[in-house]
Amino acid sequence: MNAGRHGPPVGGFSLIEMVIAITVMGILAAASAGFLRGPIASYFEAERRTDLAEAGTLALAKVKQEIGRAVPNSVRIINAGGRFWLELLPARSEGRYRAAGPGDVLTFGVPDAGFDVLGPPVQAQVGDWLVVNNHLPAANVWSGVSRAAYSGGGGFIATVVHASHTFLADAPDRRFQIATDPVTYACDPVTGNLRRFANYGNPSPAQPTSFGAGVQNDLLATGLRSCRAAAFAGTLRHAQTVAVELGFESSGDRLNLVSTIRVGPLP
């Protein structure tokens, strides 16, 4: 019978070797953590700044878009206690009124209830407003000088029908707007919120700064630490201009966004 064959003894770690290996690995891990701490912190800081910039830019873009499409000279602003309320009258569509020639013309200085559109039809909806030459010096859309209730149907229209109204004066460009109900942007650095309010009523001479629970209330941005806005009236040759500054802060990171916006088309 052949004797059994035995291989070499199985190797292993002693307790001392294991302790030394663990110690060395701990030293290497601690050294690696020191080297990686900076890049990792920088990565998360960059992520926070990117998120802050994207959120702020998106909120300001929304404000800019609606201001830029508003009825000329319809933006008005109240600044108080570091907050602002910016109200505007959004324009659904714009066209030119017929003031001479064949068809129904818009007359001035006497009550008028409608006119033909000069050019392509414009879009309107039931409950809209007609605004005529709001860029003239004596015009005021909020007090009703340049505004009348649209009384026609919805869709694309070639003839504008409105409540009887006496408009003040003709203008070389002969432009009008079909407008919807007013909208307010409210920025409050105390709460850190930028909000958009809508569906709160008809245009009024008094600008509102508080809104009931039943109105449309959209939160556009958080993290606001400063809010400033100013409006500069337009004329026959220059459109109204609005300046808006929003200051954001998050986890110690700060971002200031400033924009100058032209209101409506140039006359």
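Leaving aside its neighbours within four places in sequence, with which residues is Gln240 in contact? The views below, drawn from a predicted model, begin with this residue.

**Figure 1. Surroundings of Gln240 in the loop between β14 and β15.** The loop that holds Gln240 joins β14 (224–232) to β15 (241–250). Apart from neighbours within four places in sequence, the contacts of Gln240 are Pro72, Asn73, Ser74, Val75, Ala231, Phe232, Ala233, Gly234, Ile261, Arg262 and Val263. With a relative accessible area of 5%, Gln240 is buried. This class applies because the value is under 20%.

**Figure 2. Polar atoms of the Gln240 side chain beside the backbone of Ser74 and Val75.** A polar atom of the Gln240 side chain lies 3.4 Å from the backbone nitrogen of Ser74. The side chain of Gln240 also reaches the backbone oxygen of Val75, at 2.9 Å. Both Ser74 and Val75 appear among the contacts of Gln240.

**Figure 3. The largest pocket and its lining.** The volume of this pocket is about 190 Å³. Its lining consists of Arg83, Trp85, Ala186, Cys187, Asp188, Thr191, Asn193, Arg195, Phe197, Thr209, Ser210 and Phe211. Two or more of these residues come from each of the elements β2 (83–88), β11 (183–188) and β12 (193–198). Sorted by class, the lining of the largest pocket comprises five nonpolar, four polar and three charged residues.

**Figure 4. The largest cavity and its lining.** Three cavities of 30 Å³ or more are found in a search of the whole structure. The largest cavity has a volume of about 60 Å³. Phe108, Val132, Asn133, Leu136, Ala139, Val145, Ser146, Phe167, Leu168 and Ala169 line the largest cavity. By class, eight of the lining residues are nonpolar and two are polar, with no charged residues.

**Figure 5. The aromatic pair of Phe115 and Phe176.** Five aromatic pairs are present in the structure. In the pair formed by Phe115 and Phe176, the rings are edge-to-face, 5.1 Å centre to centre, with 75° between the planes. Phe115 belongs to strand β4 (residues 112–116) and Phe176 to strand β10 (residues 175–179), so the pair ties together parts that are 61 residues apart in sequence. Phe115 is buried, at a relative accessible area of 0%, and Phe176 is likewise buried, at 0%.

**Figure 6. The aromatic cluster around this pair.** Tyr97, Phe108, Phe115 and Phe176 are linked into a cluster by ring pairs. One member of the cluster, Phe108, is also among the residues lining the largest cavity.

Conventions: Residues are numbered from 1 along each chain as its sequence is written. This is a predicted model: local features need pLDDT of at least 70, side-chain atom pairs count only at pLDDT 80 or more; totals for chains, interfaces and linings use all residues. Side-chain values use heavy atoms; hydrogens and water are left out. Helices (H or I, at least four residues) and strands (E, at least two) are DSSP runs, numbered from the N terminus. Buried means under 20% relative accessible area, exposed over 50%, partly exposed in between (1.4 Å probe, protein chains only). A polar contact is a pair of N or O atoms within 3.5 Å; within protein, one must be able to donate a hydrogen and the other to accept it, and residues adjacent in sequence count only if both atoms are side-chain atoms. Contact means heavy atoms within 4.5 Å. On a 1 Å grid over the protein atoms alone, a cavity is a set of points where a 1.4 Å probe fits but cannot get out, and a pocket is an open set with protein on both sides within 12 Å along at least five of seven lines; lining residues have an atom within 4 Å of a point. Grid points are joined across faces, edges and corners, and a volume is the space filled by probe spheres set on the points. Ala, Val, Leu, Ile, Met, Phe, Trp, Tyr, Cys and Pro count as nonpolar, Asp, Glu, Lys and Arg as charged, and the others, Gly among them, as polar. Rings of Phe, Tyr and Trp (its six-membered ring) pair if their centres lie within 6.5 Å; planes under 30 degrees apart count as stacked, over 60 as edge-to-face and the rest as tilted.
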